Amino acid sequence: MLELRDITAGYDRRSAPAVRNASLTVAPGEAVGLLGPSGCGKSTLARVAALLHRPDAGTLLLDGTLVRHWRHRAPRALRTSFGVVFQQPRLSADPRLTLADLIAEPLRATGRRDTVPARVPGLASTVGLTPDLLTRRPHEVSDGQLQRACLARALVLRPRWLVCDEMTAMLDASTTAALVAVVEEYRTETGAGLLAVGHDRTLLDRWCDRTVHWNEVTAPGEPTAGAS
Ligand SMILES: Nc1ncnc2c1ncn2[C@@H]1O[C@H](COP(=O)(O)OP(=O)(O)OP(=O)(O)O)[C@@H](O)[C@H]1O
């Protein structure tokens, strides 16, 4: 179970927090869609949920255990339980890496270099990347192809949780359908939970078990607990 309780988070303690008193739960195997107007704080909350952004207050529990020892992010051992895909693949892809190396990045970063040959080609094929694309760098492929590689990178450590932050916002309908299908196949196979952030209610309603609106996630009041 992924539980965010009374999360307050921002970027500069001198200004108002981007997220105030937000609570959200995702059960194992569940797909939850999060909708809300632009700038309300969805991406910030998604980054907290993926253990990438330390909240200023509130608690985050992973399978009942309090996530502690945050610095800027939570400890890596916990973060590897999460696969994250962002809206703009070019901002999250190292331009110097080939797509094969991009997909393999988390394996190398966690000392599993020896598993690269066994994991990367199959996963690339699953996300619809042909072998000729794997030797190209980000500037030599389309946004959709790069996003496919970013999805493969998010899946390569076989995470128990996926956070897709407007993963398909800049893609056409057929690429959107293909990437959603890959996520759903992965979830069927592994039982991973999903938090999908987006603007498109129709897509989220079709994709997810339930869709929550930002108004339901945030409640008025002051933060109740300090982040550990
Ligand atoms: N790195 C950052 N530094 C400072 N402020 C930021 C940063 N990222 C986001 N913000 C601010 O935090 C607030 C919430 O932004 P966030 O990206 O979480 O919203 P969002 O709901 O995901 O928006 P959108 O739907 O447009 O992507 C905004 O006011 C934004 O300007």
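Q: Which residues touch the most other members in the largest nonpolar core?
A: Keep in mind that this is a predicted model. The core in question has 60 residues, and it takes at least three from each of domain 1 (1-81 + 159-228) and domain 2 (94-158). The ones that touch the most other members are Ala49, Ile103, Ala152, Val163, Cys164, Leu194 and Leu195.

Q: Which element gives the most to this core, and with how many residues?
A: In soluble globular proteins, nonpolar side chains tend to be buried together. Here the buried part of H7 includes Leu146, Ala149, Cys150, Leu151, Ala152, Ala154 and Leu155. The top contributor to the core is H7, with seven residues.

Q: Why can H7 be called largely enclosed by the rest of the structure?
A: Burial here takes 20 or more other C-beta atoms within 10 Å. Among the H7 residues that pass are some with polar or charged names, including Gln145, Gln147, Arg148 and Arg153. H7 is largely enclosed because its buried count is 11 of 13 residues.

Q: What span should the 13 residues of H7 have at 1.5 Å a residue?
A: The expected span is 1.5 Å times one less than the number of residues. The end C-alpha atoms of H7 agree with that expectation, and the value is 18 Å.

Q: Which residues does Ile103 touch, not counting those up to four places away in sequence?
A: Ile103 belongs to the group in the core that touches the most other members. Some of its partners sit in H7, among them Ala149, Ala152 and Arg153, which are buried there. The full set is Val120, Leu123, Ala124, Ala149, Ala152, Arg153 and Val156.

Q: Where do the buried residues of H8 fall, seen down the helix axis?
A: H8 runs over residues 173-190 and reaches 26 Å from first C-alpha to last, close to the 26 Å expected. Its buried residues are Leu179, Val183 and Tyr186. They line one face of the helix, since they fall within an arc of 60°.

Q: Which exposed residues does the face of H8 turned away from its buried side carry?
A: The buried side of H8 packs against H7 (143-155), S7 (161-165) and S8 (193-198). The face turned away from it carries the exposed residues Ala173, Ser174, Glu185, Thr188 and Glu189.

Q: Which residue just after H8 takes a positive phi?
A: H8 itself ends at residue 190. Just beyond, phi goes to about 75°, and the residue is Gly191.

Q: Which element gives the most to the side of domain 1 that touches domain 2?
A: The chain splits into domain 1 (1-81 + 159-228) and domain 2 (94-158), with C-alpha centres 24 Å apart. The contact takes 12 residues from domain 1 and 13 residues from domain 2. On the domain 1 side, six residues come from the biggest giver, H8.

Q: Is Leu51, with its positive phi, buried or exposed?
A: Phi of Leu51 is near 65°, and this is a residue other than glycine. Leu51 sits in the loop between H1 (42-49) and S4 (57-62). It has 24 other C-beta atoms within 10 Å, so Leu51 counts as buried.

Q: How many other C-beta atoms lie within 10 Å of Glu166?
A: Glu166 also has a positive phi, about 50°, although it is not a glycine. Its place is the loop between S7 and H8. Glu166 is partly exposed, and its count is 18.

Q: What separates the C-alpha atoms of Leu35 and Val217?
A: Leu35 is found in S3 (residues 31-35) and is buried, with 22 other C-beta atoms within 10 Å. Beyond its neighbours within four places, it is in contact with Gly198, His199, Arg201, Leu204, Thr211, His213 and Trp214. Val217 is 182 residues away along the chain from Leu35, yet their C-alpha atoms are separated by 9.8 Å.

Q: What radius of gyration does the chain have?
A: The chain comes to 10 helices and nine strands, and its C-alpha trace spans about 55 × 40 × 35 Å along its principal axes. The globule rule gives 17 Å for 228 residues, and the chain is close to that, so it is as compact as a globular protein of that length. Its radius of gyration is 17 Å.

Terms used
Residues are numbered from 1 along each chain as its sequence is written. This is a predicted model: local features need pLDDT of at least 70, side-chain atom pairs count only at pLDDT 80 or more; totals for chains, interfaces and linings use all residues. Helices (H or I, at least four residues) and strands (E, at least two) are DSSP runs, numbered from the N terminus. The radius of gyration is taken over C-alpha atoms; the globule rule is 2.2 Å times the number of residues to the power 0.38. A residue is buried if 20 or more other C-beta atoms lie within 10 Å of its own, exposed if 12 or fewer, and partly exposed in between; C-beta atoms are placed from the backbone. The arc is that of the directions from the helix axis to the C-beta atoms. Two residues are in contact if their C-beta atoms, placed from the backbone, lie within 7 Å. A nonpolar core is a set of buried Ala, Val, Leu, Ile, Met, Phe, Trp, Tyr and Cys residues joined through C-beta atoms within 7 Å. Domain bounds come from an automatic or database domain assignment.
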